[in-house]
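Student: Could you take a close look at the aromatic pairs for me? I would like to know how the rings meet and where they sit.

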Amino acid sequence: SDSARPARAVEWLGEPILERGTLTLLQGRPKGGKSCMAQMLAIAQAVGVWPDQPWRPSGATGVLYVSWEDSLELLRERERLYRAGLGVAEALPNLHYWEAPKVRLDEPAGLKRLAEEIARLEVSTVWLDVLRKTHRGRENESDSMDCVMQGIVDLARETRCAVAATPPTRKPVQGKDSAEVVERGRGSTSIAGAAACVVDFG
């Protein structure tokens with residue numbers, strides 16, 4: 001029976017939001033700081049420290065940060081500032097950037113290329129910024145987004161990485177949104193439904 005089945009052990013790479021082999025969404029309003037927060041978390045993982053609770057990296061790990069919007073120059077400058085805040089002067093050899101890759105994760109070739117990069121760099125976490133640039137799917141159509149999200153979930157499981165992506169939330173009504181976190185995302189509910197964890201960034 002299900003009650004007799006032993007509980008699955010959770011392997012955290014960033015407790016309590018980044019679990020190995022699963023997808024996490026860091027969602028928030030457009031231009032609300034999702035990319036900055038995502039990169040800050042990626043840097044904290046690479047360093048192995050976080051200045052405050054409740055987020056706890058499991059130790060210094062390899063991280064791949066894939067950006068479809070921000071330039072490598074901007075990413076490097078942000079990293080310098082964020083590292084300084086963590087008391088780290090030197091660049092991080094285990095933090096890797098992939099700027100504007102010509103891959104789409106709704107295509108088998110794109111998923112294969114990303115999996116190859118994960119293996120080559122030997123990373124355990126992948127950040128995808130921003131989610132809407134990773135595919136050509138129709139954001140509001142469940143059938144379309146089911147295929148996109150299943151591909152990303154399969155990638156996380158097969159590579160044994162924690163994969164995190166940054167989707168936007170929908171426009172709130174009268175300045176606020178009282179819906180559940182998983183219902184605040186823009187587009188199909190298939191997006192949040194594919195994730196093991198959804199973090200709402202406001």
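Tutor: Happy to; here is a walk through the aromatic pairs. This is a predicted model, in which local features need pLDDT of at least 70 and side-chain atom pairs count only at pLDDT 80 or more, while totals for chains, interfaces and linings use all residues. Residues are numbered from 1 along each chain as its sequence is written, and side-chain values use heavy atoms, with hydrogens and water left out.

A pair of aromatic rings is described by the distance of the centres and the angle of the planes. Rings of Phe, Tyr and Trp (its six-membered ring) pair if their centres lie within 6.5 Å; planes under 30 degrees apart count as stacked, over 60 as edge-to-face and the rest as tilted. The structure holds two such pairs. One joins tryptophan 50 and tryptophan 55 edge-to-face, at 5.4 Å centre to centre with 80° between the planes. Tryptophan 50 is partly exposed, because its relative accessible area is 23%, whereas tryptophan 55, at 6%, is buried. Here buried means under 20% relative accessible area, exposed over 50% and partly exposed in between (1.4 Å probe, protein chains only).

Tyrosine 65 and tyrosine 97 also pair: their ring centres are 6.1 Å apart and their planes meet at 75°, so this pair is edge-to-face. Tyrosine 65 belongs to strand E5 (residues 63–67) and tyrosine 97 to strand E6 (residues 95–99), so the pair ties together parts that are 32 residues apart in sequence. Strands (E, at least two residues) are DSSP runs, numbered from the N terminus. Both tyrosine 65 and tyrosine 97 are buried.

Conventions
Helix = DSSP H or I, 4+ residues; strand = E, 2+ residues; numbered from the N terminus.
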